[in-house]
Amino acid sequence: MIALVNISYLIAMLSFILGLKFLSSPSKAKHGNILAGTGMVLAVIVTLISQFFGFSVSINLLLILLAIVTGTIVGKRMSDRVEMTAMPQLVSLFNAMGGGCAMLLGIMEARLGTPPSSASLILLWSGLIIGAASFSGSVIAYRKLAGKQKDKRTRMIMYVSRILLVSFLVIPGLYLTNLLPLGLVSVTLILSSLALVYGILFVLPIGGADMPVVISLLNSLTGIATALAGILYNNTIMIAGGIFVGAAGILLTLLMCNAMNRSIFAVIGGKFNGSGVSSGD
Amino acid sequence: MLEFFNENQEMIYFLILCTFLGIEIIANVPAILHTPLMSGANAISGVILVGAIIIMQKIDPQDYVSLTIGTISVFLGTLNIAGGFFVTGRMLSMFGNKKKK
């Protein structure tokens with residue numbers, strides 16, 4: 001069984017590499033998408049079999065199957081109905097789903113009981129914070145592209161997001177040194193809600209025209225959250241898939257910035273006077 | 001921390017190599033493929049679903065709160081994967097049509 005899992009994960013990893021490679025060349029892009037998708041289906045099915053093979057059918061398995069079937073149907077419907085112009089925000093919405101999944105994973109892991117070492121706690125919380133911030137940030141990016149949310153740029157937002165960034169270091173530090181009189185679950189819940197707020201504040205000041213760049217950045221963050229969760233479970237396909245997306249996503253973000261003739265810092269800072277892209281060329 | 005490094009050396013090498021591989025494989029992407037590539041990469045990051053399945057297996061069937069959270073997370077992960085690959089497929093098929101015209 002372990003051999004089957006390992007071989008399938010290896011095949012799935014190769015399909016991700018080749019899929020990304022093909023996706024970056026115009027003539028092979030379609031094959032790349034199908035290849036990566038097939039690898040993903042293989043990885044999911046093999047994981048399901050290896051986790052539940054030999055056990056009697058439990059409510060857990062039924063719920064998973066139900067969630068997978070509805071998820072597939074809803075995903076197919078959403079992507080079939082979307083118009084060409086609305087595709088970037090749909091990508092952002094799907095990315096939010098992945099970030100949300102990473103956040104919920106962290107919460108469940110905390111509810112299961114204390115992970116053994118402080119190293120794994122740090123992994124757990126990093127994945128959780130990145131996932132949650134990517135979730136709320138992607139939702140805001142989606143709303144901006146859909147025209148439901150305007151840019152907001154105030155000093156207040158800047159200060160609050162800095163305080164939040166510091167708190168992501170301080171709260172786990174206090175917990176690990178036993179200075180915080182709270183349980184693991186409550187600390188995890190506090191961290192995830194702070195991260196949700198941070199994600200919103202991170203995207204709010206950024207101009208609507210820069211959203212594709214931001215979505216690419218958030219996408220790579222989801223990849224990193226996936227990789228961190230993969231390290232926690234010692235699961236190769238999650239690490240590999242997550243890191244590929246994380247690394248490729250950051251490069252893609254920089255390439256997109258170059259294509260728009262903007263610097264990444266100008267985008268994140270929400271500046272328009274940097275290189276004057278607004279005066280369309 | 002040093003202990004962690006010693007115990008997980010192979011994993012750290014793997015991480016570093018994967019990072020460079022991830023950068024190299026998409027280095028020559030033309031601007032027209034930026035959005036489909038982003039969407040495809042987004043679908044691949046849905047591999048977090050594997051983690052959601054693994055953790056669902058560990059949950060006590062009596063713990064309804066965790067079961068609910070787990071079901072939602074599996075649903076979200078699936079939506080990311082399925083939606084991601086389908087929407088990438090649609091984007092790419094539109095490129096095909098444009099070229100024919």
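## A look at chains A and B

Let's start on the outside: chain B has an accessible surface of about 4,800 Å², and 64% of that belongs to carbon and sulfur atoms. Keep in mind that this is a predicted model. For chain A, the exposed surface is about 12,600 Å², with carbon and sulfur atoms supplying 70% of it.

**Chain B from end to end**

What is chain B built from? It has five helices and zero strands, so its radius of gyration is worth a look: at 19 Å it is well over the 13 Å that the globule rule gives for 101 residues, and the chain is therefore more spread out than a compact globule. Its C-alpha trace spans about 60 × 40 × 15 Å along the principal axes. Even so, 53% of the 101 residues in chain B are buried. Contacts in chain B often link distant parts of the sequence: of those between residues at least 6 apart, 68% join residues at least 24 apart.

Charges in chain B are worth a glance too. There are 6 positive and 6 negative side chains, and the centres of these two sets lie 37 Å apart.

**A helix that is mostly hidden**

Now zoom in on helix α3 of chain B, residues 34–44. Of its 11 residues, 10 are buried, so this helix is largely enclosed by the rest of the structure. Among the buried ones are B:H34, B:P36, B:L37, B:M38 and B:A43.

B:A43 leads us to another helix of chain B. B:I81 is found in helix α5, and the C-alpha atoms of B:I81 and B:A43 are separated by 4.6 Å although the two residues are 38 residues apart along the chain. Is B:I81 buried or exposed? B:I81 has a relative accessible area of 9%, and since buried means under 20%, it counts as buried. What does B:I81 touch, if we skip residues up to four places away in sequence? In chain B the partners are B:A43, B:G46, B:V47 and B:L49, and in chain A they are A:M40 and A:V44.

**Chain A from end to end**

Chain A has 10 helices and zero strands. Reading along the sequence, you get the pattern α-α-α-α-α-α-α-α-α-α. With 281 residues, a compact globule would have a radius of gyration near 19 Å, and the 20 Å of chain A agrees with that. The C-alpha trace of chain A spans about 65 × 55 × 30 Å along its principal axes.

Inside chain A, buried residues make up 52% of the 281 residues. For contacts between residues at least 6 apart in sequence, 70% join residues at least 24 apart. As for charge, chain A has 17 positive and 6 negative charges, and the mean positions of the two sets are 4 Å apart.

**Salt bridges**

How many salt bridges are there over all chains? The count comes to three, and here they are:

| Positive residue | Negative residue | N to O distance |
|---|---|---|
| A:K76 | A:D80 | 3.6 Å |
| A:R111 | B:D63 | 3.1 Å |
| A:R262 | A:D210 | 2.4 Å |

Take A:K76 and A:D80 to begin with. They are four residues apart in helix α3 of chain A (residues 59–81), which puts about one helical turn between them. An α-helix has 3.6 residues a turn, so residues three or four places apart point the same way. A:K76 is partly exposed, with a relative accessible area of 34%, and A:D80 is partly exposed too, at 40%.

Next comes the salt bridge between A:R111 and B:D63. This pair crosses between chains: A:R111 is in helix α4 of chain A (residues 87–111), while B:D63 is in the loop between α4 and α5 of chain B. A:R111 counts as partly exposed at 31% relative accessibility, and B:D63 counts as partly exposed at 24%.

That leaves A:D210 and A:R262, whose side chains meet at 2.4 Å, N to O. A:D210 lies in the loop between α7 and α8 of chain A and A:R262 in the loop between α9 and α10, so the pair ties together parts that are 52 residues apart in sequence. Are these two buried or exposed? A:D210 is buried, and A:R262 is buried as well.

Note on methods:
Residues are numbered from 1 along each chain as its sequence is written. Chains are lettered from A and ligands numbered from 1 in the order in which they are written. This is a predicted model: local features need pLDDT of at least 70, side-chain atom pairs count only at pLDDT 80 or more; totals for chains, interfaces and linings use all residues. Side-chain values use heavy atoms; hydrogens and water are left out. Helices (H or I, at least four residues) and strands (E, at least two) are DSSP runs, numbered from the N terminus. The radius of gyration is taken over C-alpha atoms; the globule rule is 2.2 Å times the number of residues to the power 0.38. Buried means under 20% relative accessible area, exposed over 50%, partly exposed in between (1.4 Å probe, protein chains only). Contact means heavy atoms within 4.5 Å. Accessible areas come from the Shrake-Rupley method with a 1.4 Å probe; for residues, only the protein chains shown count as cover. Lys and Arg count as positive and Asp and Glu as negative; His and the chain ends are not counted. The place of a charge is taken as NZ of Lys, CZ of Arg, CG of Asp or CD of Glu. A salt bridge is a side-chain nitrogen of Lys or Arg within 4 Å of a carboxyl oxygen of Asp or Glu.
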